[in-house]
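Q: Can you walk me through the pockets in this one? I'd like to start with what lines them.

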Amino acid sequence: MLRLTFLLRRKQAMTRAEMQDYWLNVHGPLVTAHSAQAKMLRYVQVHTTDDDHSRLPGRRGEMEEPYDGVAEVWWESRDSMLEAMRTDAGREFDRLLLKDELNFADIERSVAYYGYELPQVNPTPENIVATDRSSLVKLYFPLRHLGSQTIEEAQWYWRTHHGPVIRRQAQSSGILRYQQVHADEHPFTAAINRSRNSAVEPYTGHAEVWMDRSAMGNAIPENRAASRRAYEDEANFIDFSRSVMFLAKEHVMVDHR
């Protein structure tokens, strides 16, 4: 499956709550009304919580400011997306989306990228969702790689070395689900950001982790050791100063899986 990740920052005149309300109740229905025509397999809004996100980086030091949310869209394949969006109707839909995005998002400070999921800790069926009414949260970790590496080198290390590190300690870390989303299809990424005048450099990809709040910050020795191992290995491929972490809740708008 092909996936679009669109990291959003709110218009500066809006509060996060105002932005998220408009996005959910006005923009969301606009997307869902056209989702079949656009051949969307799944569409989820990920809303950043009001937690104190400054505590998340820990020993990683200063990181970028959290985004206000993430729009996630899946298609069965790259060809399915192209078939839908390269029609007159598809182009008109994108025009409508862009027009409405300006009502709630600072799109020049937002950024999108296409990519593919690499599940690491993935119970089946894939029905773990961090809804508003549950105690689950989703940790979002958009990352950029070190300048000494190419994107291919960083993604290879992330996939073959860091993934196993996290998988081995998932239980002690309280992880219910963990997957890597690697940026790919770079010409399409460049095109969507160009259409929105984004001034933000796309990310190498992002990690996403689902966990229960009761497991977060648990000071047991196993959890502290797991956090230390994760950080020490992240430092081998992540530029923390150009990456970001935040917690979020999910709103599933379309799901045809």
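Q: Let's take the second largest pocket. Which element gives the largest share of its lining?
A: That is α3, with 5 residues. Keep in mind that this is a predicted model.

Q: How much space lies in the second largest pocket?
A: About 590 Å³.

Q: Which residues are closest to its centre?
A: Met 85, Asp 94, Tyr 114, Ile 192 and Arg 196. They belong to a lining of 28 residues.

Q: And which elements give two or more residues to that lining?
A: Two strands and four helices do: β1 (2-8) and β3 (69-75), then α1 (16-34), α2 (78-85), α3 (88-101) and α6 (186-195).

Q: How does the lining of the second largest pocket divide by residue type?
A: Into 20 nonpolar, 2 polar and 6 charged residues.

Q: OK, switching. How much space lies in the largest pocket?
A: About 1,000 Å³.

Q: How many residues line the largest pocket, and which are closest to its centre?
A: The lining has 38 residues. Closest to the centre are Leu 56, Arg 60, Leu 139, Ser 227 and Met 245.

Q: Which element supplies the largest share there?
A: α7 does, with 7 residues.

Q: Which elements each supply at least two residues?
A: The strands are β5 (136-143), β6 (175-183) and β7 (205-212). The helices are α4 (151-168) and α7 (221-234).

Q: Last one. How many of the residues lining the largest pocket are nonpolar, polar and charged?
A: 22 are nonpolar, 8 are polar and 8 are charged.

Terms used: Residues are numbered from 1 along each chain as its sequence is written. This is a predicted model: local features need pLDDT of at least 70, side-chain atom pairs count only at pLDDT 80 or more; totals for chains, interfaces and linings use all residues. Side-chain values use heavy atoms; hydrogens and water are left out. On a 1 Å grid over the protein atoms alone, a cavity is a set of points where a 1.4 Å probe fits but cannot get out, and a pocket is an open set with protein on both sides within 12 Å along at least five of seven lines; lining residues have an atom within 4 Å of a point. Grid points are joined across faces, edges and corners, and a volume is the space filled by probe spheres set on the points. Ala, Val, Leu, Ile, Met, Phe, Trp, Tyr, Cys and Pro count as nonpolar, Asp, Glu, Lys and Arg as charged, and the others, Gly among them, as polar.
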